[in-house]
Amino acid sequence: MSDKKAFLECDGCEGKIELAVHSGSVGPDSVDITRLYAEAGLFTFDPGFLSTASCSSAITYIDGDKGILRYRGYPIEQLAAKSTFLEVAHLLMYGELPKVDQLDEFTDMVMHHTMINQSLQRFFQGFHYDAHPMAMMVGVVGSLSGFYHDSINMRDDAHRHLAAFRLIAKMPTIAAAAYKHNVGEPVVYPRNDLSYVGNLLRMMFSRPCEEYIVDPLAERAMDLLFILHADHEQNASTSSVRLVGSSGANPFACIAAGVASLWGPAHGGANEAVLDMLEEIGDASQIDKYIDKAKDRNDPFRLMGFGHRVYKNYDPRAKIIREVCLQVLEKLADSNNPLFELARRLEERALHDDYFLERGLYPNVDFYSGIIYRALGIPESMFTVMFAIARTAGWVSHWLEMLDDPKHRIGRPRQLYVGADRRDYLPIDQRA
Ligand code: CMC
């Protein structure tokens, strides 16, 4: 809390309204408007939260103009180069990088909660064989609420943490079971001696009739993508988790809300939409046509994987992913991958176009991630599911942070009402 102040003058207000200004550790100050309605009878209006901090948080810092992303103070570039997904999950949840024994304990907790109840396995049979895996994720993650009554007392710190571990641990198991349902293969049970990502790959791709050996390149590449997707402060899905959780709702229901929000093509669904777009474009000769479509206000087409609410500069995650994408494709002897080449040409063309430069539209995290996932054999419909598994670490960390704050309140936005004023009910035969 700083002693800075902001003053608001308005027609009909008596004198200037004094508002406190809070300073964070880094980043812009925030004007505190919590008393504005009580003291001046005014709401603020900010649809889409363009200038509104919905909470305070110590987890992730983004400077969108400079292209900076840090988890708990650590630059994403350092974590991507040196860390692992579970180490990052510990960092997000507890605020510090773990020591050896802490990481062992954390890994053990996650890897010993990977099983899902046998009754939950039966849920998948209720879905059509070609149901989108995100549809199954929304339903099955939410239904965990019916199974773990020993971890839903939100006033109990041990319950809260147990629920968080269960969620991080069971997301890969649910995701792999959804995939197996789509391809009509038997469910593969988790193997707790494998790494978090190695276990996921095995649950997705092993079959009872043959040995499956986890490819270390695929394991490292996916672990890295998971690090980059693990958190991104108050994005739509994290804000959904916080809003649902603010009412004291069951944690599994909160994370299901996050999964639902992530699914949209403007958010986590963009990685799937990028591949659809590249396939629609087809080859480099069509790039100009699609750039023109993206610039045309009367055409709903947007360049998927481009633009970001916060980054008005290159998304730092996209920079890392672009590099890794090239390495993965080279190692898989697929460096002439036509989609990667097309994506690079499209990026180059857009970054020389005033429309994109003036609006600060650069490739975001999803522009290249789908190409890597596809090179690793992950089907398109599972791209957003991969994002959801990784983001669960961020979602549970934000949910824990919110509930740890004794001052947290139910989230309840107000509105600018623009509907009809009071009017009287007319019998049906008298209506115009
Ligand atoms: N292609 C063409 N024009 C665009 C694009 C795009 N991808 N993104 C924004 N614009 C234009 C938009 O038409 C508007 O132009 P004007 O000022 O002339 O009206 C201007 O740029 C500002 O756009 P906006 O829609 O007001 O920006 P926003 O902050 O509300 O939306 C966004 C951000 C990410 C939803 C949007 O850029 C978009 O739809 N991008 C494509 C989808 C995508 O890649 N989403 C993944 C985001 S990163 C992963 C994640 O965090 O979930």
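Let us start with helices α12 and α18 in this predicted model. Helix α12 covers residues 270–281 and helix α18 covers residues 383–404; their axes come within 7 Å and cross at roughly 155 degrees. Angles over 145 degrees count as roughly antiparallel, and α12 and α18 are therefore roughly antiparallel to each other. As for handedness, the crossing in which α12 passes α18 is right-handed. If you would like to pick out the contact on screen, look for N271, E272 and L275 on the α12 side, and for F383, T384 and F387 on the α18 side. Sorted by class, the residues of this contact are 3 nonpolar, 2 polar and 1 charged.

A second helix pair makes a good companion to this one. Helix α14 (residues 316–331) packs with helix α15 (residues 338–350) at an angle of about 155 degrees, and the two axes are 12 Å apart. Here too the cut-off for roughly antiparallel is an angle over 145 degrees, so α14 and α15 are roughly antiparallel to each other. The crossing of α14 past α15, however, is left-handed. From α14, the residues in contact are R322, C325, L326 and L329, and they meet F340, R344 and E347 of α15. This contact has 4 nonpolar and 3 charged residues, with no polar ones.

Now let us turn to the strands. One open sheet has 3 strands in the order β1-β2-β3, with antiparallel pairing. At its edges are β1 (5–8) and β3 (30–31), each of which pairs on one side only. Strand β2, residues 17–22, runs antiparallel to β3 and is joined to that strand by 2 bridges. To find the spot, look for H22, which stands opposite S30 in β3.

Further along the chain is another open sheet, again of 3 strands, in the order β4-β5-β6 and with antiparallel pairing. Its edge strands, β4 (60–63) and β6 (74–75), each pair on one side only. Between β4 and β5 there are 4 bridges in the antiparallel sense, and I62 has L69 in β5 as its bridge partner. On the other side, β5 (residues 68–71) pairs with β6 over 2 bridges, also antiparallel, and R70 stands opposite P75 in β6.

The side chains of β4 are worth a look. T60 and I62 point one way from the strand, while Y61 and D63 point the other way, and all are buried. The hairpin that β4 makes with β5 has 4 residues between the strands, and in this hairpin G67 takes a positive phi near 70 degrees. After β5 comes the loop to β6, where R72 is placed. Although R72 is not a glycine, its phi is positive, at about 50 degrees. With a relative accessible area of 22%, R72 is partly exposed.

Some of these strand residues lead us to H232, which sits in the loop between α9 (216–229) and α10 (236–245). Is H232 buried or exposed? Its relative accessibility is 5%, and buried means under 20%, so H232 counts as buried. What is H232 in contact with, once its neighbours within four places in sequence are left aside? The contacts are T60, I62, L69, H308, Y311, R317 and R391. Among them, I62 and L69 are the bridge partners met above in β4 and β5.

In the loop between α9 and α10 you will also find E233. This residue is not a glycine, yet E233 has a positive phi of about 40 degrees. At 22% relative accessibility, E233 counts as partly exposed.

Our last stop is Y189, in the loop between α7 (157–183) and α8 (196–205). Y189 has a relative accessible area of 38% and is partly exposed. Leaving aside neighbours within four places in sequence, Y189 is in contact with M115, Q118, Q121, R202 and M203. For another reference point, take T107: Y189 and T107 are 82 residues apart along the chain, and their C-alpha atoms are separated by 18 Å.

Definitions and conventions
Residues numbered from 1 in each chain as written. Predicted model: local features only at pLDDT ≥ 70, side-chain atom pairs only at ≥ 80, totals over all residues. Heavy atoms only, no water. Axes fitted to C-alpha atoms, helices over the stretch in contact; angles between N-to-C directions. Parallel < 35°, antiparallel > 145°, perpendicular 65-115°, else oblique. Left-handed = near helix turned anticlockwise from the far one by under 90°. Contact = heavy atoms within 4.5 Å. Nonpolar A, V, L, I, M, F, W, Y, C, P; charged D, E, K, R; others polar. Pairing = 2+ DSSP bridges. Buried < 20%, exposed > 50% of the residue type's maximum accessible area, 1.4 Å probe, protein only.
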